[in-house]
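Got your viewer open? Let's take a walk through this model together, one selection at a time.

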Amino acid sequence: MSNLLLFLFILACPIMMIFMMRGMHSGGGAKTMSHDAHDGAQMDQRDAAARDLQAPDERIAQLEHEAAQLRALQRRQAERNRVSGS
């Protein structure tokens with residue numbers, strides 16, 4: 001009798017795992033989370049597009065400023081590399 005209980009106890013883990021995996025795949029819980037995340041990303045893209053359409057001149061100025069900052073950073077790094085390489 002104790003051997004049977006031990007055997008059932010050992011089988012409980014894989015059997016529970018099968019039911020849990022089946023529930024995860026068919027339950028739709030993961031699909032809902034993924035779908036919500038996808039909807040959120042689409043909203044962010046729409047918001048960004050709306051901001052870009054509302055003020056294209058401001059966006060261009062912002063991008064030009066960022067490009068200037070990146071060029072300055074590249075010049076500083078090139079200068080450091082030249083000084084450390086000499």
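## A tour of the surface and the helices

Start with the whole chain shown as a surface: the accessible area of the protein chain is about 8,000 Å², and carbon and sulfur atoms account for 64% of it. Keep in mind that you're looking at a predicted model. How many of the 86 residues count as buried? Just 1% of them do.

Now switch to a cartoon view. You'll find three helices and zero strands, so to speak in the order α-α-α as you read along the sequence.

Next, colour the model by pLDDT. The average for the protein chain is 79, and 77% of the residues score at least 70. Which element has the lowest mean pLDDT? That's helix H2, residues 29–54, with 63, while H3 has the highest, at 90.

**Stop one: helix H1.** Select residues 2–27 to bring up helix H1, then pick out Leu5, which sits in it. Is Leu5 buried or exposed? Its relative accessible area is 52%, and exposed means over 50%, so Leu5 counts as exposed. Now add Met1, Leu4, Phe7, Leu8, Leu11, Ile15 and Phe19 to your selection: along with Leu5, they make up a nonpolar patch on the surface. Together these residues have about 860 Å² of accessible area.

**Stop two: positive charge on the surface.** Move on to helix H3, residues 56–85, and click on Arg71, which has its place there. Then select Arg75, Arg76 and Arg80 as well; with Arg71 they gather in a surface patch of positive charge. How accessible is Arg71, and what does that make it? The relative accessibility of Arg71 is 48%, so it falls short of the "over 50%" needed for exposed and counts as partly exposed.

**Stop three: a salt bridge.** Side chains of opposite charge can pair when their charged atoms come close. Across the whole structure, a search turns up one salt bridge. To see it, select Arg82 and Glu79 and show their side chains: the closest N and O atoms are 1.9 Å apart. Where do these partners sit along the helix? Arg82 and Glu79 are three residues apart in helix H3, so about one helical turn separates them. Check the surface once more here: Arg82 counts as exposed, at 54% relative accessibility, whereas Glu79 is partly exposed, at 36%.

Conventions. Residues numbered from 1 in each chain as written. Predicted model: local features only at pLDDT ≥ 70, side-chain atom pairs only at ≥ 80, totals over all residues. Heavy atoms only, no water. Patch = residues over 30% accessible without salt bridge, like charges linked within 9 Å, V, L, I, M, F, W, Y side chains within 5 Å. Areas by Shrake-Rupley, 256 points an atom, 1.4 Å probe, with all protein chains shown as cover. Salt bridge = Lys/Arg side-chain N within 4 Å of Asp/Glu carboxyl O. Helix = DSSP H or I, 4+ residues; strand = E, 2+ residues; numbered from the N terminus. Buried < 20%, exposed > 50% of the residue type's maximum accessible area, 1.4 Å probe, protein only. Lys, Arg positive; Asp, Glu negative; His and termini not counted. Charge placed at Lys NZ, Arg CZ, Asp CG, Glu CD. pLDDT = per-residue confidence, 0-100.
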